[in-house]
Amino acid sequence: MDSNKTLQGHAAILTANVIFGLGVPVTKFLLDEWVTPMTYMATRCFGAALIFWVVSLFLPKEKVERRDLLVIMAGGLLGFVISQTLTAWALQFTTPVYYSLIATLTPIATMLMAAVFLGEKITREKSLGVALAIAGAALMVFVGWQAGAGSNDLLGIILALLSVLTWVVYLLITRKVSQKYTAVTQMKWVFLVSAIAVLPFSWHEFPQTALYGGQFGWDGAGAMLFIVVFATVLGYFMIPFALQFLKATTVSIYTNIQPVVASLVAIAIGQDLLTWDKPVAAVLVLLGAWLVTRKE
């Protein structure tokens, strides 16, 4: 494969994960003060769908095979609607640092899923990596259950784990179609079906939120704009673009950037505290991810 294209794939997924890392404390801020999880999701879906469909009008029309369209839509429901709704719910109960540390389990989950469904071999080194990562996650669960900083860290961590699993399934099932169609073509269908899916669960909540219920504020609107334009449109555009040139496992490795960015920002703005378990858990999880994906 062209090394320049490979480099573009790495640059795209690196940028996406830095944006996603910034999006974690921004999402926490929005959920605490401005929106509910479902109105947050609906705003992302409708905003992204509108932007991608408008952009597609200025690009060459691309015909999508019916079978591939079903895969793209199913991937959108899993990788965006379900995964990101679970993320929003998780951040209502736990802190940005705990959530982002759980997100670093993505490459481990990708390897396990690939072993189960694709028959990829798990070596002794990778098994050790999985054990270390699970130890790190278990430490977070134990400390969160004992005296976490969130309202219900144990529930938040469980929801975060479910979010990671659905995200991994999205990466695996959309890998092939991502190589056939442009990112804009894929994302316009992903967010159209996502918008239709979340509408019945969100429309009645809009008047009850601070952002849409008459208490408009520029800080809330600015944060929501960042989530829609950068953490949704730009970030999700870069994922299928990167999957054209990189393996799903390689793409998942870059998730490890998210906790670094999210933790630094969350602690800096007072959303979280630096306690002893977080750096220890981070070392265990990141070391596990490195062992699992070392050859990548």
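The protein chain has 13 helices and zero strands, where helices (H or I, at least four residues) and strands (E, at least two) are DSSP runs numbered from the N terminus. This is a predicted model, in which local features need pLDDT of at least 70 and side-chain atom pairs count only at pLDDT 80 or more, while totals for chains, interfaces and linings use all residues. Residues are numbered from 1 along each chain as its sequence is written, and side-chain values use heavy atoms, with hydrogens and water left out.

The radius of gyration of the protein chain, taken over C-alpha atoms, is 19 Å, close to the 19 Å that the globule rule gives for 296 residues, so the chain is as compact as a globular protein of that length; the rule itself is 2.2 Å times the number of residues to the power 0.38. Along its principal axes, the C-alpha trace spans about 50 × 50 × 30 Å. Buried residues make up 52% of the 296 residues, where buried means under 20% relative accessible area, exposed over 50%, and partly exposed in between (1.4 Å probe, protein chains only). Among contacts (heavy atoms within 4.5 Å) between residues at least 6 apart in sequence, 91% join residues at least 24 apart.

One pairing to follow in the model is that of helix α2 (residues 37-56) with helix α9 (residues 183-202), which pack at an angle of about 145° with their axes 8 Å apart. Here the axes are lines fitted to C-alpha atoms, for helices over the stretch in contact, and angles run from 0 to 180 degrees between N-to-C directions. On the α2 side the contact is made by residues including Ala42, Cys45, Phe46, Phe52 and Trp53, and on the α9 side by residues including Met187, Lys188, Trp189, Phe191 and Leu192. By class, this contact of α2 with α9 has 18 nonpolar, four polar and one charged residues, with Ala, Val, Leu, Ile, Met, Phe, Trp, Tyr, Cys and Pro counted as nonpolar, Asp, Glu, Lys and Arg as charged, and the others, Gly among them, as polar.

Val54 also lies in helix α2 and is partly exposed, with a relative accessible area of 39%. The C-alpha atoms of Val54 and Lys188 are 134 residues apart along the chain, yet are separated by 9.1 Å.

Helix α3 (residues 66-93) holds Leu70, and Phe80 has its place in α3 as well. Leu70 is exposed, with a relative accessible area of 56%, whereas Phe80 is buried, at 0%. The C-alpha atoms of Leu70 and Trp189, 119 residues apart along the chain, are separated by 9.6 Å. Leaving aside its neighbours within four places in sequence, Phe80 is in contact with residues that include Met41, Arg44 and Cys45, together with Phe191 and Ser194, and with Thr232 and Tyr236.

Helix α4 (residues 96-103) is mostly covered, eight of its eight residues being buried, and among them are Tyr98, Tyr99, Ser100 and Ile102. Leu161, in helix α7 (residues 153-173), counts as partly exposed at 31% relative accessibility. Apart from neighbours within four places in sequence, Leu161 is in contact with Ile102 and Leu105, and between Leu161 and Ser100, which are 61 residues apart in sequence, the distance from C-alpha to C-alpha is 10 Å.
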